[in-house]
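Here is my note on the model. Please read the points alongside the coordinates.

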Amino acid sequence: MDSVEKGAATSVSNPRGRPSRGRPPKLQRNSRGGQGRGVEKPPHLAALVLARGGSKGIPLKNIKHLAGVPLIGWVLRAALDSGVFQSVWVSTDHDEIENVAKQFGAQVHRRSSETSKDSSTSLDAIVEFLNYHNEVDIVGNIQATSPCLHPTDLQKVAEMIREKGYDSVFSVVRRHQFRWSEIQKGVREVTEPLNLNPAKRPRRQDWDGELYENGSFYFAKRHLIEMGYLQGGKMAYYEMRAEHSVDIDVDIDWPIAEQRVLRFGYFGKEKLKEIKLLVCNIDGCLTNGHIYVSGDQKEIISYDVKDAIGISLLKKSGIEVRLISERACSKQTLSSLKLDCKMEVSVSDKLAVVDEWRKEMGLCWKEVAYLGNEVSDEECLKRAGLSAVPADACSAAQKTVAYICKSNGGRGAIREFAEHIFLLMEKETRSTESHRQGHWGNVELQNKAKCSPAPSKINICLHTENLTISGALPHVTYLWSTAAATNHQTQPRRE
């Protein structure tokens, strides 16, 4: 289902962590934020990600790696690539979070201890930010814990604020969930339905469901925030797709979010080319970096069978794998591994060697993947179309890549990176096919039956990865091939 926008909600729930302040106010138009006449420049829209270091549910969760990327990296990438913000900020009290934010291109506001307490609200931190930044007219408060956010969502919300005059816009998702009243001992001994008639339980396709805040973002103008509200004035919601509505709060959310991000997350604006060459550093990637020397001065190394399988899978899929090392490794020892890969050792300039390999194969850098772990790998990691490091790579190498493996070097990192490459290539293929076939996804309609008179009505409701189609057409056969079709059930289910 495509995301949609709706205006002027009559009642809303409060953003997480904000105490109720009564009914949101109806605001008068004023000149600040581009509402008045004679304003020469557009209102300053700032993205603000709140990321304090004292998370209790998951310690330092804001920079914990999710699918190989620090958690805040996902939303910062979407915010920066949307192109609608004059500035993108992270408000934090922690040095490590500050460093990660700057690596992704965000500016950092060092929040005070007063707004970094467990009892501090999001509104407290936003107000403090505005006190230090008078140039900001509109704040887009983006939640770091919503990693499936896409730039297109932010672009549409920015248009609602700037062009359609809304004072506040917040994200929601449509759910098909039946709600029941809570049983309270001594107060209410039985439960009652809140949004259904049990005698006439609707089928999913016969019920529009309900809208819930999904916590991805809250946009509001300065004058509204200064009155103590994130939602109010001329108010609207923005409905996000269900598969993009991911929220991480406790440990159990993490593996589910990771799988959702890998399938539906935003990986950057540059179109991914088909990978045809993977170059892997030997010491610390293929091996764990440990070298054993026998009594007769022979070198002994170890590697993980999972990595050998990963190399084999890459080669079977048409991706050539080559090995490189700046150390004078024993080629005889490496040959005994029977990996059947071209290799180069005693390399002083890895970039020059990989560039020569690339030209030899007639490839551009976007068709090259690189797995490295040392300072000497940095330039190759920066140039490659896909780059990764093992979990125990040096910090300098980690700062240059888009993916950090969970596995250490010599302990499955190559296999993990191989699977990541396959997943991204599959994702790109699906996206290309979907784009080629237009907004109808992979649905092909064929009018096959010929009879008269036609049936008066045939109800249709198909779910695909990109669209829900509903209508009434006679004699139509629906064929679909999308692997990501939504699980359709006759009864609403918990997602």
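Does Glu-226 count as buried or exposed? The model is a predicted one, and point 1 takes up the question.

1. Glu-226 and its partner. At 55% relative accessibility, Glu-226 counts as exposed, because the cut-off for that class is over 50%. Glu-226 forms a salt bridge with Arg-222, with the closest N and O atoms 3.0 Å apart. Arg-222 is on the other side of the classification: its relative accessible area is 6%, so this residue is buried. The bridge therefore pairs a buried arginine with an exposed glutamate.

2. Geometry of that pair. Both residues belong to helix 5, which spans residues 222-226. They are four residues apart, so about one helical turn separates them. In general, an α-helix has 3.6 residues a turn, so residues three or four places apart point the same way.

3. Asp-95 and Arg-110. These side chains meet in a salt bridge, at 2.9 Å from N to O. The pair links distant parts of the chain: Asp-95 sits in helix 2 (residues 95-103) and Arg-110 in strand 6 (residues 107-110), 15 residues apart. Arg-110 is partly exposed, with a relative accessible area of 39%.

4. The network around that pair. Asp-95 and Arg-110 do not stand alone. Salt bridges link them with Glu-98 and Lys-102 in a network. Please inspect these four side chains together.

5. Arg-203 and Asp-206. Here the closest N and O atoms of the salt bridge are 2.8 Å apart. Arg-203 has a relative accessible area of 40%, so this arginine is partly exposed. For the model as a whole, the count comes to 23 salt bridges.

6. Helix 1. This helix covers residues 71-82 and is mostly covered, with ten of its twelve residues buried. Among the buried ones are Leu-71, Ile-72, Trp-74, Val-75 and Leu-76. Arg-77 is also buried, as is Ser-82. Gly-83 follows the helix, and its phi is positive, near 75°.

7. Ala-47. This residue lies in strand 2 (residues 45-50). Its relative accessible area is 0%, so Ala-47 is buried. Leaving aside residues up to four places away in sequence, Ala-47 touches Ala-79, Phe-85, Ser-87, Val-88, Trp-89, Gly-140 and Ile-142. One of these, Ala-79, is among the buried residues of helix 1. Ile-142 is 95 residues from Ala-47 in sequence, yet their C-alpha atoms are 6.8 Å apart.

Key
Residues numbered from 1 in each chain as written. Predicted model: local features only at pLDDT ≥ 70, side-chain atom pairs only at ≥ 80, totals over all residues. Heavy atoms only, no water. Buried < 20%, exposed > 50% of the residue type's maximum accessible area, 1.4 Å probe, protein only. Helix = DSSP H or I, 4+ residues; strand = E, 2+ residues; numbered from the N terminus. Contact = heavy atoms within 4.5 Å.
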